[in-house]
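Q: Please take me through this predicted model, giving the reasoning behind each term that is applied to it.

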Amino acid sequence: MDTSFRHDCDFENGRKFYYGSVCVIDLNGSFYQMGRQYGALMRNELEKVYRFACANQEGFKYRNCLGGSENSVCGFRKYDEFFRGMSETSNLSVDQLLIVNAVEVVYLDLIANGMGEMFDASRCSSLAVNSSLTENGKTVVGRNYDWLPEFKEIADTLVLTVLHPSDGSNAVATFNWAGCLYMTTGMNSAGLYLGLNSGMFADKNVCPDRIHNVWMLWEMLWNCSDFETVKHCFNTIRSAAGYLIMGASADETECFQWHTRGAWIPAPRSGNGELLAAANHFATPGWENDPLAEDNTIASSVQRRENLIALAKNYSRISPVEMMELLSVPYVQGGAKVKGTMFQIVADMAQKNWYIRTCLMNDWACVPLADILKPKAAG
């Protein structure tokens, strides 16, 4: 476990530092000010992601595909202000930054004809345990973030971004490619975690007239201070596409099977209700998933979920160390890790520590998010 710390640089009220090989940026102020800090601190990484996206200029038409328009990244002013600030201190225009933000879908268009390869590589897996399955009864949650193997080229731009808005919202941490503001893995200062898995096998419907899930997850983390309110949000917000969202606090877990046709569906539990596993299909009996969910030639979603449950049952207790072990078992050896696993995160919800390993790292790095998420003194 790498616990080393190295400070890198500061800009205005933001700073950049490293825990092990994991880049962290700590931003403070209005969304415009935080955008300026992001652009300055991550200028080189943003340019690298943009060059990577430019390999597929035909895909640029998808730069606003997740709920945006020609004039707004998603319809919420705060994110437009963030991108305006980023453009002032990076070497990229707002339009170029929107391409960076959408790099996953921009680049996906380039290889869309090779769907078998895409399916084999883009399979996120999540696991959450608590109560008698953990050492202290508190939640440990982990995830493998899987995408196209080509993205290893920009894995050195992955960054843990911690935002402290001056508007009174919760501080929020998120891990993603430089400049990609989609909320796929995040935790807030109230100790609430949300991790997104594609639900493409469960519900292929898309509702482009709705603000996309990746932005609504931000809103939940900015505004929710307890797990009950998170549940209320999922009961209130209609989904724009199919996803499985692993939600956790120190004491509670839920896998929100979020689809376009009505209310979310709770995922079934295992191990006396203390174990939750998720892949890319809905595990609820009676839900009609795409047959591809069971296809073992493409890292079966059904099998990956079953693998995680079986591995977890081999442990009498699961600490963060055991969670790292079982998430790292390859699919071909009865686990869930595939060749497209770009990064792994394990969250100790009681301590608010994150353990992170990217596809470029041999060892895990420990990031003490409890300290970084604390409110900053004015000044």
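Q: Where does S90 lie with respect to the helices?
A: S90 is placed in the loop between helix 3 (77-89) and helix 4 (94-101).

Q: Why is S90 called buried or exposed?
A: Its relative accessibility is 8%, and buried means under 20%, so S90 counts as buried.

Q: Which residues does S90 touch, leaving aside residues up to four places away in sequence?
A: With those sequence neighbours not counted, S90 touches G39, R43, L46 and L97.

Q: What makes the approach of the S90 side chain to the backbone oxygen of M86 a polar contact?
A: The distance is 2.9 Å, and a polar contact requires a pair of N or O atoms within 3.5 Å, one able to donate a hydrogen and the other to accept it. The side chain of S90 also has a polar atom 3.3 Å from the backbone nitrogen of L92, which is likewise within the 3.5 Å cut-off.

Q: How do you know that strand 9 and strand 10 pair?
A: Pairing asks for at least two bridges, and strand 9 (residues 193-198) and strand 10 (residues 243-248) are joined in the antiparallel sense over six bridges, so the two strands count as paired. Within this pair, L194 stands opposite G247 in strand 10.

Q: What makes strand 1 and strand 12 edge strands?
A: In the open, mixed sheet of ten strands, ordered 1-2-3-6-7-8-9-10-11-12, strand 1 (5-11) and strand 12 (265-266) each pair on one side only.

Notes: Residues are numbered from 1 along each chain as its sequence is written. This is a predicted model: local features need pLDDT of at least 70, side-chain atom pairs count only at pLDDT 80 or more; totals for chains, interfaces and linings use all residues. Side-chain values use heavy atoms; hydrogens and water are left out. Helices (H or I, at least four residues) and strands (E, at least two) are DSSP runs, numbered from the N terminus. Buried means under 20% relative accessible area, exposed over 50%, partly exposed in between (1.4 Å probe, protein chains only). Contact means heavy atoms within 4.5 Å.
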